[in-house]
Amino acid sequence: ASTKENAWILDPFAGSSTTGIAANLLNRRFLGLEQEQEFLELSKNRREEIEDISKRYEYRDKIIKYSDRPLKSILEFHDNELYYGKDLPL
């Protein structure tokens with residue numbers, strides 16, 4: 001929410017990529033670094049999960065519900081296209 005749409009977000013300690021999920025849902029690009037294989041697999045699975053449009057909307061609704069800021073104005077969803085390029089490593 002504190003960056004512009006399509007901006008890159010770098011998380012050098014990505015863990016399970018919660019920042020990456022939020023970045024993708026808010027139309028940002030994400031690059032996460034993590035050395036633990038377990039977290040890498042979890043991150044990959046979470047990324048694949050949000051490719052399902054119903055899951056994406058479910059998470060978006062949770063962001064709106066629990067936010068203290070009006071996020072509706074920065075949430076722009078394009079049902080027919082991904083928010084990130086397939087060229088991004090994960």
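Q: Which residues are linked in a network of salt bridges?
A: The network of salt bridges links E49, K55, E58 and K62. The model is predicted, so that local features require pLDDT of at least 70 and side-chain atom pairs pLDDT 80 or more, while totals for chains, interfaces and linings use all residues. Residues are numbered from 1 along each chain as its sequence is written, and side-chain values use heavy atoms, with hydrogens and water left out.

Q: What makes the contact of E58 and K55 a salt bridge?
A: The term requires a side-chain nitrogen of Lys or Arg within 4 Å of a carboxyl oxygen of Asp or Glu. The side chains of E58 and K55 meet at 3.5 Å, N to O, and the pair therefore satisfies the definition. Both residues lie in helix α3 (residues 53-66), three residues apart, about one turn of the helix.

Q: How do you know that K62 forms a salt bridge with E58?
A: The closest N and O atoms of K62 and E58 are 3.8 Å apart, which is within the 4 Å limit. These two residues also both lie in helix α3, four residues apart, about one turn of the helix.

Q: How many salt bridges does a search of the whole structure find?
A: The search finds four. One of the salt bridges joins the side chains of R60 and D61, at 2.9 Å from N to O.

Q: Why does E58 count as partly exposed?
A: A residue is buried under 20% relative accessible area, exposed over 50%, and partly exposed in between (1.4 Å probe, protein chains only). E58 has 33% relative accessibility and therefore counts as partly exposed. The same class holds for K55, with a relative accessible area of 25%, for K62 at 43%, and for D61 at 40%.

Q: Why is I21 called buried or exposed?
A: I21 has a relative accessible area of 10%, so it is buried. I21 lies in helix α1, where helices are DSSP runs of H or I with at least four residues, strands are DSSP runs of E with at least two, and both are numbered from the N terminus.

Q: Which residues does I21 touch, not counting residues up to four places away in sequence?
A: I21 touches R46, R47 and I50, where contact means heavy atoms within 4.5 Å. The C-alpha atoms of I21 and R47, 26 residues apart along the chain, are separated by 6.8 Å.

Q: What makes β1 and β2 a pair of strands?
A: Two strands pair if DSSP finds at least two bridges between them. Four bridges join β1 (residues 8-11) to β2 (residues 29-32), and the strands run parallel; the condition is therefore met. W8 stands opposite R29 in β2, and L10 stands opposite L31.

Q: How do the side chains along β1 alternate?
A: I9 and D11 point to one face and are buried, while W8 and L10 point to the other and are not. In β2, F30 and G32 point to one face and are buried, whereas R29 and L31 point to the other and are not. In a regular strand the side chains alternate between the two faces of the sheet.

Q: What makes the unit of β1, helix α1 and β2 right-handed?
A: With the strands pointing away from the viewer, the path from the first strand over the helix to the second must run clockwise. β1, helix α1 (residues 18-25) and β2 make such a right-handed β-α-β unit. From the N terminus on, the elements of the protein chain run β-α-β-α-α.

Q: Why does T3 count as partly exposed?
A: At 30% relative accessibility, T3 lies between the two limits and therefore counts as partly exposed. T3 is placed in the segment before β1, and it touches I9 and R28, not counting residues up to four places away in sequence.

Q: What percentage of the residues of the protein chain count as buried?
A: Of its 90 residues, 28% count as buried.
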